[in-house]
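Me: I've got a model open and a few labels I'd like explained. Can you walk me through them?

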Amino acid sequence: MTLLVATASWASDVWAERFRAALPGRRIVIHGEAFDPADIAYVAAWKQPPGALAGLPNLRAVFGLGAGVDYIMEDPDLPGVPVVRVIDPDLTNRMSEYVVLHCLAHLRQFRRYEAQQRAGVWEDDRQQPAARDVRVGLLGLGELGMDAGRKLAVMGFDVAGWSRSAKAAEGIRSFAGEAELPAFLARTDILVVLLPLTPATEGFVDRRLLAGLARDGRLGGPILINAGRGRLQVETDILAALDDGTLKAATLDVFQTEPLPAASRLWTHPQVTVTPHNAAMSDPAAVTAHVARQIARLEAGQTPEGLVDRARGY
Ligand code: NDP
Ligand code: OXD
């Protein structure tokens with residue numbers, strides 16, 4: 001039962017070595033090497049090269065090497081086998097670190113004081129709100145949104161989340177479905193986007209959605225943090241919203257085109273923080289161990305953890 005590592009953008013050899021350690025006795029091959037397609041039972045993919053999923057007659061499952069699997073679901077060669085994504089505490093913790101860091105950075109005006117230090121300015125307006133005064137809204141209350149929400153609540157933020165189905169979580173107010181979206185947005189000072197990219201969510205973060213955010217908050221205007229996927233957002237709308245004050249600031253980890261093109265105004269906009277799609281890195285040791293556990297479950301006739309619902313696309 002051979003596993004094929006197929007990634008166009010991550011170091012295939014590093015992942016193959018980790019898979020050899022996590023799956024002793026299995027053959028691990030890399031896309032581009034010579035192998036018999038009939039031997040491949042599993043593919044481990046991150047942004048796989050075109051055609052990597054085609055012509056594998058004995059394929060049993062495709063494993064995404066991250067939490068989001070949009071690039072697998074959009075692959076025209078994806079056969080009708082189970083698709084399994086990463087659900088792992090290591091990745092979840094990393095995302096929560098990112099979300100809490102950037103919510104606190106906006107709350108505590110980190111960039112303002114950094115600029116003041118560079119200019120040698122000692123100035124404090126004595127207007128610093130507390131976390132309890134700031135309403136964070138998580139757009140997507142799944143594995144990552146829920147953990148980040150709990151940790152934000154521990155910091156004192158007033159936390160709510162929006163998802164397809166209603167949730168019961170202590171310290172997080174749940175909003176669900178289209179009907180409750182306007183009320184959710186209207187009580188949100190910091191919007192944290194942690195939706196998956198699907199046909200239903202593409203372009204969701206647009207001008208209309210941003211215009212629905214709270215105007216009466218303590219941060220001087222609403223703030224956007226997107227750590228989900230770039231194609232959830234309409235970047236021209238975000239820039240227009242920043243320019244006309246609909247948005248006060250944005251922290252973006254993901255972009256419609258990655259790497260973010262040099263000509264994008266997001267690089268230089270004074271109210272934008274850019275990070276290079278690394279809010280929650282996939283750690284090879286943690287992720288290969290997760291894949292090995294799910295292969296054991298599949299081969300024991302059990303449902304793997306992280307099985308993607310093909311109809312919903314996440
Ligand atoms: P989950 O599938 O666990 O959660 C997704 C959430 O989005 C769920 O709450 C789901 O609702 C909600 N949702 C999905 N579609 C809709 C819709 N049409 N309307 C309303 N709610 C919707 O995913 P994770 O939390 O594990 O991951 C979220 C995303 O984060 C990933 O798909 C990936 O794109 C991104 N990511 C980014 C990383 C980075 O480094 N920047 C790292 C890891 C992930 P419900 O609960 O009702 O199903
Ligand atoms: C993921 C990512 O989906 O890193 O895990 O973007």
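Reply: Sure, starting with handedness: a crossing is left-handed if the near helix is turned anticlockwise from the far one by less than a right angle, and right-handed if clockwise. By that rule, H1 passes H9 in a right-handed crossing. Bear in mind that this is a predicted model, where local features need pLDDT of at least 70, side-chain atom pairs count only at pLDDT 80 or more, and totals for chains, interfaces and linings use all residues. Residues are numbered from 1 along each chain as its sequence is written, chains are lettered from A and ligands numbered from 1 in the order in which they are written, and side-chain values use heavy atoms, leaving out hydrogens and water.

Me: Why are H1 and H9 called oblique to each other?

Reply: Helix H1 (residues 12–22) and helix H9 (residues 284–299) pack at about 50 degrees, with axes 9 Å apart. Angles under 35 degrees count as roughly parallel, over 145 as roughly antiparallel, 65 to 115 as roughly perpendicular and the rest as oblique. The pair is therefore oblique.

Me: What makes the contact between them, and which classes do the residues of H1 and H9 fall into?

Reply: Contact means heavy atoms within 4.5 Å. H1 brings Val14, Trp15, Arg18, Phe19 and Ala22, while H9 brings residues including Pro284, Val287, Thr288 and Val291. The contact divides into 10 nonpolar, 1 polar and 1 charged. Ala, Val, Leu, Ile, Met, Phe, Trp, Tyr, Cys and Pro count as nonpolar, Asp, Glu, Lys and Arg as charged, and the others, Gly among them, as polar.

Me: What makes a space a cavity or a pocket?

Reply: On a 1 Å grid over the protein atoms alone, a cavity is a set of points where a 1.4 Å probe fits but cannot get out; a pocket is an open set with protein on both sides within 12 Å along at least five of seven lines. Lining residues have an atom within 4 Å of a point. The structure holds 1 cavity of 30 Å³ or more, and its lining includes Asp189, Arg215, Asp216 and Arg218. That lining has 3 nonpolar, 2 polar and 4 charged residues.

Me: What is special about the phi of Gln109?

Reply: Phi of Gln109 is near 55 degrees, a positive value in a residue other than glycine. Gln109 sits in the loop between H3 (89–107) and H4 (110–119).

Me: And which peptide bond is cis?

Reply: The one from Glu258 to Pro259, with omega near -5 degrees. Pro259 is in the loop between strands E11 (249–252) and E12 (272–274).

Conventions: Axes fitted to C-alpha atoms, helices over the stretch in contact; angles between N-to-C directions. Helix = DSSP H or I, 4+ residues; strand = E, 2+ residues; numbered from the N terminus. Points joined across faces, edges and corners; volume = space filled by probe spheres on them.
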